[in-house]
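Here is a friendly walk through one protein model, taking in its strands, its helices and a few backbone details. Please keep the structure open beside the text as you read.

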Amino acid sequence: GTDEEVVQALLQSAAQTSFVFDGYLATYVESRVASNPPPVEPEACQRLFPMQDAWIGGAKQFLVLLGSGGSGKTSATLAAMSQLASKATAFAVFVPLPQVAGLLSDEKGRLDAHVLSVLECTPQQIQLLHQKRRVVLFLDSLDEVGELPLQRLELGVLHSNPIASSLRVVMSSRDEVLTQVKPPTAALVGKSIEALVRCLLQYVQPFTEDDVSNYVANRVAAAVAAARLKKEPEETVIKPEAAAALVRSYGLESEVLHHPVTLSMLLALVCGKAPPTALASKAQLYDSYVRQHVSGTLPSAEADAREDAMETALVCLARVALEMLQRGRWLMTVEDVVRWGGPEALRCAPSRVEDSEDPKSNFSWWHKSIGEYLCARHFFRDPKDALARTQDACWSLHGPVVLQFFAQLCDGDGAGAAASIGELVAQVSRAGD
């Protein structure tokens, strides 16, 4: 068809699928954001959607959503996209950066080609679309594209992708990305400043107490709806007030309770009827969550045999995680998962898999911090093997999180772990020099 017909077809398709975004927004607890990292006083915060509306009407080209691991950056990115699509105020294009290798390389036009392929249109048609309705590009997980991503965005993307450079762009990234901006030349300094000046930086803030209650209520409501679909008794689903109380009974610090990823793990333990014994650290929460997930995939056996099978599975998962750390991407194909961790890893991993039967299909952890925890666990239990598997690992972004988990695992067992943590710290320190 003509350019006009193609653009109208794109707009009509977006209108017909907007109900998908409405469903996501119905259970989403709107993030709070602020121009500074937490902790931030409540009056200095605003909710995500009003902030995005103001940005759309402003002069900044880029909106960068920053936060620590598990703070809800990807959820906020998906919600921001859903809100624009649901209100038909913009045409949203979502690009999960880890799944598109080399997308932000200096090779001319890689990002443009990807966007055109997703929309199945020509450069002329996307420009016409942009005239009729603002096109917003959502780039998720900027911190997984390599060193100095903000500089690469300015030098490698905008200058070599004229279509992307004409659009509004929303990016999500761990806040450690800003600590990597160490330009060696005056020209690069200028380009970095230019990139930052064109960005609106917003930090995703922890949940409030009301947010926690709403999040729990939404998740319980979703569980009730799922029970109805399966024609299971609704009374088997825990009540929101009881779930909220049990979540708090694990005794974890406020930072853990008020982040979406760890709160979701706590709810999984509650719904799985895990006994509410005190968890001393975030690492213990991850251990309990991963063990509960793996346990559901193991065959019935005597207690000792099940514990042996559990440990074997956890080692298989750790080997996959260490290989991802070595590569610098928390993503690999199904065939590589089987290569590094065996079929057990594919079967029992808390993961997102497009098609487990397709060797070329993408595999990633349910959240990449699970991979970081599994790396730390293996460093703690078998430091020699872990160090051998990560000699060329890129520690610049993921090292601090692995170290944090590792330190929590070592707490109370310092004598036995002193040598291994010394080696690990030394390796991370060398990588940062």
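## Strands side by side

Strand β3 (residues 62-67) pairs with β7 in the parallel sense, and five bridges link the two. The model is a predicted one, so please read every value below as computed from predicted atoms. Within this pairing, F62 has C199 as its bridge partner in β7.

Strand β7 (residues 199-204) has a further pairing, with β1: here the strands run antiparallel and two bridges join them. One residue to look for is V33, whose bridge partner in β7 is V204. As a general reminder, strands of a sheet pair through backbone hydrogen bonds, either parallel or antiparallel.

Now turn to β5 (135-140). How many residues of β5 are buried? Six of the six are, so this strand is largely enclosed by the rest of the structure. The side chains go two ways: V135, L137 and L139 point one way from β5, while V136, F138 and D140 point the other way, and all are buried. The charged residue D140 is thus part of the buried set.

Strand β5 pairs with β4 in the parallel sense over six bridges, and F91 stands opposite V135 of β5. Strand β6 (residues 168-174) also pairs with β5 in the parallel sense, over four bridges. There, L137 finds its bridge partner in V169 of β6.

The table gathers these pairings, together with one from the sheet described next.

| Strand pair | Sense | Bridges |
|---|---|---|
| β3 and β7 | parallel | five |
| β1 and β7 | antiparallel | two |
| β4 and β5 | parallel | six |
| β5 and β6 | parallel | four |
| β9 and β10 | antiparallel | three |

An open sheet of three strands follows the order β8-β10-β9, and its pairing is antiparallel. Which strands stand at its edges? They are β8 (332-333) and β9 (351-353); each has a single partner strand, so one side of each is left without a neighbour in the sheet. Strand β10 (residues 362-365) pairs with β9 over three bridges, and S351 stands opposite W365 of β10.

## Helices and their contacts

Helix α6 has several buried residues, namely Q125, I126, L128, L129 and H130. What do the buried residues of α6 pack against? Their partners are α1 (3-16), β4, α5 and β5. The enclosed strand β5 is therefore one of the elements that these residues of α6 meet.

In general, two packed helices are described by the angle between their axes and the distance between the axes. For helix α12 (residues 260-271) and helix α13 (residues 282-295), the angle is about 50° and the axes are 10 Å apart. That angle makes α12 oblique to α13. The crossing of α12 with α13 is left-handed.

On the α12 side, the residues in contact are V261, T262, M265, L266, A268 and L269; on the α13 side they are K282, L285, Y286, S288, Y289 and Q292. By class, this contact of α12 with α13 has eight nonpolar, three polar and one charged residues.

Helix α15 (residues 334-348) contains E344. Is E344 buried, partly exposed or exposed? With a relative accessible area of 31%, E344 is partly exposed. E344 and A313 are 31 residues apart in sequence, yet their C-alpha atoms are 6.2 Å apart in space.

## Backbone details in the loops

Most residues other than glycine have a negative phi, and most peptide bonds are trans. Three places in this model are worth a look with that in mind.

A cis peptide bond joins P38 and P39, with omega at about 5°. P39 belongs to the loop between β1 (32-34) and β2 (46-47).

A88 is a residue other than glycine with a positive phi, near 55°. This residue is found in the loop between α4 (73-87) and β4 (91-96). A88 counts as partly exposed because its relative accessibility is 39%.

E120 is not a glycine either, and its phi is positive at about 55°. The loop that holds E120 runs between α5 (110-119) and α6 (123-132). How exposed is E120? Its relative accessibility is 70%, so E120 counts as exposed.

Definitions and conventions
Residues numbered from 1 in each chain as written. Predicted model: local features only at pLDDT ≥ 70, side-chain atom pairs only at ≥ 80, totals over all residues. Heavy atoms only, no water. Buried < 20%, exposed > 50% of the residue type's maximum accessible area, 1.4 Å probe, protein only. Pairing = 2+ DSSP bridges. Axes fitted to C-alpha atoms, helices over the stretch in contact; angles between N-to-C directions. Parallel < 35°, antiparallel > 145°, perpendicular 65-115°, else oblique. Left-handed = near helix turned anticlockwise from the far one by under 90°. Contact = heavy atoms within 4.5 Å.
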